[in-house]
Amino acid sequence: MERIQIIDAKNHVGQTVQIGAWVANKRSSGKIAFLQLRDGTAYFQGVVVKSEVAEETFQLAKNLNQETAVLITGEIREDTRSKFGYEIGIAGIEVVGESHEYPITPKEHGTDFLMDHRHLWLRSSKQHAIMQIRNELIRATYEFFNQNGFVKIDPPILTGSAPEGTTDLFETNYFDQKAYLSQSGQLYMEAAAMAFGKVFSFGPTFRAEKSKTRRHLIEFWMIEPEMAFAHQEESLEVQEQYVAFLVQSVLDNCDYALHVLERDRNVLEKYTQLPFPRISYDDAIELLKKNGFEGIEWGDDFGSPHETFIANSFDRPVFILNYPKAIKPFYMKPHPTREDVVICADMIAPEGYGEIIGGSERATDYEYLLEQIKTHGLDPEEYAWYLDLRKYGSVPHAGFGLGLERTVTWLAGIEHVREAIPFPRLLNRIYP
Ligand code: 4AD
Ligand code: MG
């Protein structure tokens, strides 16, 4: 007998097969028992009819506890009443691993309780659907950048540099030296772009931010492309094409997950339309002021109510261009005709999900960068290698970073970024 996965049930209609699964839920009457089965690939129903199986099989089915691991044998049938479309008519059940008093019952649980049981919570259908969307974004990321001639380069995780400012660094001992967990691979990706032209990285990054918002993780995954011989406008085009590609990939390959999450496909369809609108930082400030946001002044960074208002003025993700130099990192290219702004953009997702991309054109001038490094209180000796890139064939280059979890949160349509990563590291949480 063939052992199959639930996801492949459609290819085995009418056949008797074996499936290794867990019992997610069950209900039964005197004559029939319905088991909600999951095997990691999908969920579907198993039906045990008293008159069709041995009495002990029926009794076993009726008494299976939630999350018991079982080997099921039976015949795959179509099931037009379920979204999944197939079920198994169970002939035999073998218990592989018992389960007693599984803590996550079908009733409602509080967030803290669920987060304490994250190792088990991952099994539930909503969490499973979110992780499938995450997996699709990872898969589509590699597809997009490989198709477009980018080389994957892995920057180090233990570093001596602080591209995004020194306030939120995780410090650690590197033998008799200080080291930090990477905030961003960008500076290394700039070196890589000078070696390979178009590159991208994808890895974990760390920010010791004392933020407890629904958008902040302490450990998150970032995709950081970098392009040599490219200006900001070209980078913006790559960004919008990449994000539209991610949305389309989720639409194409995550139909069942979107259904579980009750995410409206029509809403997502709009986000595949290019180009994405662009608004300058200056105009965004004016827009906010005209609409009753008191207290925001030119020079301030946006808070999430500001970002949400700006995003709601458009029907798809929007770029906010050219922020004040004073609130951005040291490496950004100065504006050619204005002292006070730099050539950069943040991409703000619709529906209140906030910034998903930060990017910029990079300063290419050695003297300018050296001065910026000093102004930001960084040690030029630690950045000597980075400055070298401006000594030996410096060229215009631009890049960006997309936060994976914020993008998952947005496309899955969920409340909080903590559900977009398998084991979230939060301000007050490193368990499990
Ligand atoms: O805007 P950020 O800080 O940009 C950089 O790190 C650049 N060096 C990227 C580059 O140009 N190569 O971060 C980029 C993105 C943000 O837009 C956001 O999506 C995500 O990373 N991000 C976070 N996601 C979750 N939790 C946090 N604490 C995050 N901080 C940034
Ligand atoms: Mg940013």
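**View 1. Ligand 1 sits in the largest pocket of this predicted model.** Around ligand 1 there are 23 residues, and among these Glu164, Gln186, Glu224, Glu355 and Ile356 come nearest. Sorted by class, the shell around ligand 1 comprises eight charged, eight polar and seven nonpolar residues.

**View 2. Polar contacts link ligand 1 to Ser184, Gln186 and Ile356.** In the side chain of Gln186, a polar atom lies 2.7 Å from a nitrogen atom of ligand 1. For Ser184, an N or O atom of the side chain is 2.9 Å from a nitrogen atom of ligand 1. Ile356 takes part through its backbone, where a polar atom is 2.9 Å from an oxygen atom of ligand 1. The protein buries 94% of the 630 Å² that ligand 1 exposes when taken alone.

**View 3. Strands contribute to the shell around ligand 1.** At least two shell residues come from each of β12 (219-228), β16 (354-361) and β17 (397-403). With five residues, β16 gives the most to the shell around ligand 1.

**View 4. Residues 133-432 carry a domain annotation in UniProt.** The unreviewed UniProt entry assigns this span the feature "domain: Aminoacyl-transfer RNA synthetases class-II family profile". In the model, residues 133-432 are 34% helix and 20% strand. The C-alpha atoms at the two ends of the span lie 22 Å apart.

Methods
Residues numbered from 1 in each chain as written. Chains lettered and ligands numbered in written order. Predicted model: local features only at pLDDT ≥ 70, side-chain atom pairs only at ≥ 80, totals over all residues. Heavy atoms only, no water. Near = heavy atom within 4 Å. Polar contact = N/O pair within 3.5 Å; in protein donor to acceptor, adjacent residues only side chain to side chain. Areas by Shrake-Rupley, 256 points an atom, 1.4 Å probe, with all protein chains shown as cover. 1 Å grid on protein atoms, 1.4 Å probe; cavity = no way out; pocket = protein on both sides within 12 Å on 5 of 7 lines; lining within 4 Å. Sits in = over half its atoms within 2 Å of the grid points. Helix = DSSP H or I, 4+ residues; strand = E, 2+ residues; numbered from the N terminus. Nonpolar A, V, L, I, M, F, W, Y, C, P; charged D, E, K, R; others polar. UniProt positions renumbered as here; feature names shortened; annotations may be inferred.
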